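Visitor: Hi! Could you pull up the model so we can talk through some strands, pockets and cavities?
Guide: Sure, here are the sequence and the structure.

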Amino acid sequence: MNRRKFLSKSALFSAGSLMAGKLSTAGAGIYYGNQYQTADRLYELFRNPSPEYHPFVRWWWNGNKVEPDELKRELRLLKDAGIGGVEINPIQFPERFEGDDLGKQSLRWLSDEWIEMLRLTFQEAKLLGMTCDLIVGSGWPFGAEYLDGEERAQIAVIAVKKLTGPLDYEISQFEIFREADPAVSSPFPGRVPELLSIKLVPDPLMSMDEVKDLSDQINNQTIRIQVPEGRFAVYALVRISGFMQVINGAPGATGPVLNHYNETAVRGYLNRMSGTIEKQTGPLSDYLRALFTDSMELEGSNWSSGILEEFRRRRGYDIFPFLPFVLFKTGGMGNVTDFNYGVKYSGEFEAVIRRMRYDFEVTKAEILEENFIKPYVEWCRSLNVKSRAQAYGRGFFPLESSFHYDIPESESWTMNWLRHRIGEEMPEDDYRRGRAYTMINKYVSSAANLTGKRLVSCEEMTDTYKVFNTSLEDLKVGGDQSIITGVTHSVFHGFNYSPPDAPFPGWIRYGAYYSENNTWWPYFRLYNEYKARLSALLQHADMYTDIAILPPLDDMWSIIGSQMEPFPSLTHVDYFTLFWEAANKNGNGCDYVSQRVIADSEIINGFLIYGPKKYHTLFMVQVDSLSPPAAEKLLKFIESGGRIFCIETIPSGSPGWKDHERRDHEVRKLIERMKTHSDRFIMIRKPEKDFLGWYKGLQKEYGIEPYVIIENPSPYVMQTRYRTDDDKELVYIVHSHIHDSHQTRIAFSGELTRQRYCSIWDPETGNRYRLEPDRDGGIDLDLGPAQSILFVFDRERGGAEWKPKPAGNGKIRLITEGWSAEFRHCRDNSVRTLPMNVLCDLKDIPEYTHFAGTVIYRNRIRARQSGISYINLGKVFGISELKVNGEDCGTIWYGRRIWDIGALLRQGDNDIEIKVVTSMGNYMKSLTDNLIAQYWTNEKNKIQPIQSMGLVGPVTIY
C-alpha cells in the first residue's frame with residue numbers, strides 16, 4: 001500500500017471525521033475548574049475510582065505471628081496509602097529474622113486462633129471498604145503437614161549408569177535412588193522412592209528391540225546384570241512419593257505438596273480448608289472477593305496412581321516401556337539438568353520419542369486441567385467467591401489453563417537474578433532483559449480476551465533483588481509495561497506484616513520495600529491513584545486485537561518438553577516473544593492462540609472467530625507440526641479470505657504418536673491446498689536483527705494496517721487499544737525508558753477517529769483535555785522518560801486544550817551557581833547544610849554517598865523581564881517537590897521535572913526551594929551490622945551498586 005495514501009486515509013482527524021456542526025454532545029455541560037464535564041459515568045469513574053480498582057497488595061503474614069491491633073493498624077495504613085485490597089498470604093517467617101521475632105507466637109494455619117485473626121481482618125477490611133482475597137494454603141505450591149500417601153505430590157524420574165562390557169555389574173536400590181533423586185528447590189524429608197522398571201540399554205540405541213528388560217529384579221535390594229561387550233547403560237525408572245515440600249509454608253501449612261493430579265486429594269484439601277474456616281467465620285462469600293492460587297511451580301511433578309491407564313485411554317497406546325527414554329534428567333523447578341544424560345538415540349528412535357514425549361505432556365496438562373483446575377473453580381463457585389489464579393508453571397497449558405478462572409493472573413518483575421535494567425535496556429538477544437512483564441503475561445491476557453474477561457490481574461513488580469533501591473518511577477515503568485500486555489489490575493508484591501517495634505528495617509520476606517519506613521511511602525498514594533484510574537477505565541473496556549499468533553508450543557513439548565513458566569530455562573524458538581512486541585510497537589494488536597483454539601474456532605467471512613474475538617491474520621512462528629483439525633480449520637480460514645504468514649517454516653506433519661503417518665499425510669495434503677492461495681498463505685523469514693524495522697516492512701509490503709501509525713518506532717515505545725461499551729476508543733501509549741526522551745509522529749486510523757473527538761485523559765489527576773491535531777491530522781509527540789499518554793476517542797468535545805509542558809526552547813537560562821543543600825536524614829532526624837555551588841550526583845560526594853532521606857535545595861533567581869514560564873530541573877534521582885516564593889507548585893515523582901511557574905514569578909529576586917526524596921539502598925548498604933540490610937544489598941547475587949541520588953540538573957528556566 002502507498003504509505004502516503006494510508007497516512008492520509010488514517011489521519012487522526014480526517015475531513016470526514018471532524019464535522020463540528022454535525023456532532024452533538026450528550027448530556028448537559030458543566031465546568032469544573034478548567035475542565036469540561038458531561039454526564040459521562042465512565043469518566044466520573046475514571047476521575048474518582050472506587051477502592052476495588054485501586055491496587056491490592058500481597059500481604060505476607062510472616063510466620064503467622066499476627067495480632068489483632070497490628071492487623072487493624074496495617075489495614076488502615078494501607079487504606080491511607082491508596083491501597084484498595086489485600087491478598088492475605090500466610091508465609092514462613094523470614095529465616096534471617098530468627099531471634100528478632102519479638103517473642104511473638106506463630107499461629108498454626110487453620111487453627112481456631114488463626115481463623116479468629118482471619119475473621120477480625122475480614123471485618124476490619126469491610127469497615128474500611130477494602131477487598132480481601134485469601135491464598136489457598138500457604139507458600140507454593142500448596143500442601144499441608146497432614147497429607148499422606150497418594151495425597152502427596154509424586155514424580156517419575158530416571159537414573160542412568162553408563163557401563164562398558166563385558167562386565168558383571170551390581171547396583172543397589174539405594175544407589176539407584178540416590179542417582180534418581182532430583183535436586184528440587186525444596187525436597188521433602190519424608191519422600192519415598194519406588195523402583196518401577198530397570199533396563200539394560202545399548203549406546204547408541206536404535207530401537208526398543210535392543211532393550212533388555214530387567215524388571216523381574218525390581219524387588220531385589222541388589223540388581224545383578226551381565227553386561228555384554230560394548231557400551232551400555234542401566235536405565236531405572238523411579239517414582240518418588242512426597243518428593244517436594246511446600247516452599248516457605250507457614251506453620252500448619254508446610255510439609256509435603258499436594259498431588260495436583262489427584263482429584264480426590266484436591267477436593268479433600270480444598271473442602272477441608274473452607275469447611276474449617278467457615279465453621280468460625282460463616283460464609284466466606286460475606287468477606288472474600290476471591291480465593292487465590294500462586295504459580296504452580298510443581299518442580300516437575302508428573303505422576304499419580306492411574307496415570308498410565310489414563311494415558312492409554314486418551315492416547316491409545318502404552319507409554320510405560322518408552323517412559324525412561326521420554327523423560328529427561330531434571331532438577332530444581334523440574335528443569336532439565338543434562339540433555340546428554342543417558343545414551344544417544346538414532347534419528348529414527350529420537351523421532352519416535354519426541355512424538356511420545358508430546359503425548360505425555362498433553363496428557364499431563366489434560367489431567368491437571370480436569371483434576372485440579374476444574375475442581376478448584378467449582379469449589380470457588382460453590383462458596384460463591386471468585387477464582388483467581390496464576391494458571392501456569394510446568395505442565396499446564398499456558399493459554400487454555402487461564403480460560404477457566406474468573407480472574408486470571410500473570411506476573412511482572414522489577415528485578416531478579418538476571419539483574420536486568422528495566423527502563424534502560426530492551427535487547428533482542430535476550431527476550432527477558434529490560435521487560436518487567438514476563439513471557440506468560442501475553443498468554444494470560446490472550447486467554448482473558450478469548451473468554452471475554454476484563455479483569456486481568458497481575459502479581460506486579462515482584463522483587464527479590466533490588467528491594468531498597470526500587471523507586472516509584474521504577475514501579476511506574478514496570479506497571480505501564482504490564483498494562484501494555486493486557487493487565488487491568490495490580491496486586492503489588494508485597495506488603496510485609498511487621499510490627500512497628502520490629503528491628504529496623506522490619507520483617508521482610510520479599511518485595512520492593514512497601515513499608516511505612518520507606519522514604520517514598522508518603523508519596524505512594526500518588527502512584528496508587530494513577531493505577532486506580534487506569535484500572536477503572538480498562539476494566540470497562542475490551543482489549544482490541546485482530547491479529548493472532550500461534551507460538552511453536554507443540555513442537556517445543558515434543559523436543560524439550562514443557563518448560564517452567566514464566567521463566568523457562570530455555571525455549572525452542574527464542575525469538576517468538578519478539579514478534580508480538582514488534583507488532584505492538586508498530587501499532588497493531590495481537591493475541592496468542594493455540595491449536596486447540598484454532599480447531600474450536602468458527603470461520604466467517606475471512607475471520608477466525610473464537611468467543612468474542614475475531615482475527616483476520618494469523619502468524620505461525622516457526623511451527624513445524626499441526627494437528628489435522630487445526631490444519632483443516634486453517635484451510636477454511638484461507639479459503640474464506642483470511643491470511644496466514646508462516647515464519648521460517650511451513651508445517652509438514654502432526655504432533656503425537658498414534659496414527660502419525662496417516663495424520664502427517666492429512667496435514668501435508670491440507671498444507672498443499674493452502675499453498676495454492678499464494679496471496680494468503682505466505683512464507684516469510686525472520687530477521688537477524690531489528691524486528692521493529694522488519695515488521696514495519698511487512699506492514700508496508702502486505703498492507704497490514706495499524707490502528708496507530710508510529711513513524712519512528714522505538715523499543716521503548718509501546719501501545720495498547722481498548723474499546724468501551726459506550727463506543728469510546730482508548731489508545732494508551734507508554735515510553736518506558738527511564739532516562740531518555742523519544743520523538744515521533746503518530747496518526748490514528750479513521751476507524752478510531754470517525755465521528756469522534758480526541759481527548760487526553762490524565763490518570764494522575766483525573767482531568768481531561770481536548771486535543772487539536774495539526775493541519776495534516778497528525779500529532780508530534782515528545783515523550784519524556786517514563787511518560788505515558790492516554791488518548792480517548794469519544795462523541796464529546798472536551799473543554800481546555802491539551803498543552804504539554806515544553807522541555808525547553810531557544811531562550812533557556814541555566815541556573816548553575818548559588819545552590820545550598822539541606823540534608824534531613826530519614827532515620828536519625830539529623831539536619832546538615834552544605835553549600836553546593838554546582839549541582840552533582842550525591843553518590844559522588846563521599847560524605848553523602850550513603851545518605852537516605854530528604855534534600856532541600858535552595859537558590860535565588862532574578863527575573864529581569866517577563867516571559868519566563870517554566871522551570872526544568874533536568875535529571876532528578878528521587879521524588880521532587882517545588883516551591884517558588886513559598887508557594888507550593890506540587891510533586892513530580894517520575895520523568896521530566898517541569899513546572900509552569902510564570903504566574904508565581906515576580907520582577908527581581910525569586911526564591912526557589914526544591915525538595916528531593918532519595919532512595920534508601922545506599923544507606924542500607926552502609927549498615928554493616930544490620931543483617932537484613934546487608935542481605936538485600938551486599939551479599940552474593942544481591943550485591944547492589946551505589947545508586948545515583950538527588951538533583952543533578954541542569955536546572956533551566958525559559
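Visitor: Which residue in β37 is the bridge partner of F823?
Guide: That would be V855. Do keep in mind that this is a predicted model.

Visitor: Got it. How many bridges join β35 to β37?
Guide: There are 6 bridges between β35 (residues 819-825) and β37 (residues 853-863), and the two strands run antiparallel.

Visitor: And in what order do the strands of that open sheet come?
Guide: The order is β36-β35-β37-β43-β40-β41, so to speak, with antiparallel pairing across 6 strands.

Visitor: Which strands stand at the edges there, and why is one side of each left without a neighbour?
Guide: The edges are β36 (831-836) and β41 (887-892). Each has a single partner strand, so one side of each has no neighbour in the sheet.

Visitor: What does the twist average from one strand to the next?
Guide: The twist averages 20 degrees.

Visitor: Let's switch to pockets. How much space lies in the largest pocket?
Guide: About 1400 Å³. Its lining has 48 residues, and those nearest the centre of the pocket are D762, E764, W802, P804 and K805.

Visitor: Which elements each supply at least two residues of that lining?
Guide: For the largest pocket they are α12 (524-538), β30 (757-761), β32 (779-783), β33 (788-794), β41 and β42 (898-900). You've met β41 already, as an edge strand of the sheet we just discussed.

Visitor: Handy for thinking about probes. How do the lining residues divide by class?
Guide: The lining of the largest pocket divides into 26 nonpolar, 10 polar and 12 charged residues.

Visitor: What volume does the second largest pocket have?
Guide: The second largest pocket has about 920 Å³. It is lined by 36 residues, with W140, E297, W413, T464 and Y510 lying nearest its centre.

Visitor: Which elements give two or more residues to that one?
Guide: The second largest pocket draws on β3 (56-62), β4 (85-91), β14 (407-415), β15 (457-463) and α21 (931-937). By class, its lining has 15 nonpolar, 12 polar and 9 charged residues.

Visitor: Now the enclosed spaces. How many cavities of 30 Å³ or more are there?
Guide: The count comes to 10 cavities. The largest cavity has a volume of about 240 Å³.

Visitor: Which residues are closest to the centre of that largest cavity?
Guide: Of the 20 residues in its lining, the closest are L327, F328, T330, E361 and K364.

Visitor: And which element gives the most to the lining?
Guide: That is α9, with 4 residues. Both β6 (154-172) and α9 (347-382) supply at least two residues each. The lining of the largest cavity has 9 nonpolar, 7 polar and 4 charged residues.

Visitor: One last topic, the sheet with β20, β21 and β22. Which strands stand at its edges?
Guide: This is an open sheet of 3 strands in the order β20-β21-β22, paired antiparallel. β20 (602-604) and β22 (613-615) stand at the edges with a single partner strand each, so one side of each lacks a neighbour in the sheet. Neighbouring strands are turned by 30 degrees against each other on average, direction ignored.

Visitor: What stands opposite L608 in β22?
Guide: Y615 does. β21 (residues 607-610) is joined to β22 by 3 bridges.

Visitor: Which helix packs on this sheet?
Guide: Helix α16 (residues 628-639) does, touching β20, β21 and β22. The direction of α16 makes about 10 degrees with that of β20.

Technical notes:
Residues numbered from 1 in each chain as written. Predicted model: local features only at pLDDT ≥ 70, side-chain atom pairs only at ≥ 80, totals over all residues. Heavy atoms only, no water. Pairing = 2+ DSSP bridges. Axes fitted to C-alpha atoms, helices over the stretch in contact; angles between N-to-C directions. 1 Å grid on protein atoms, 1.4 Å probe; cavity = no way out; pocket = protein on both sides within 12 Å on 5 of 7 lines; lining within 4 Å. Points joined across faces, edges and corners; volume = space filled by probe spheres on them. Nonpolar A, V, L, I, M, F, W, Y, C, P; charged D, E, K, R; others polar. Contact = heavy atoms within 4.5 Å.
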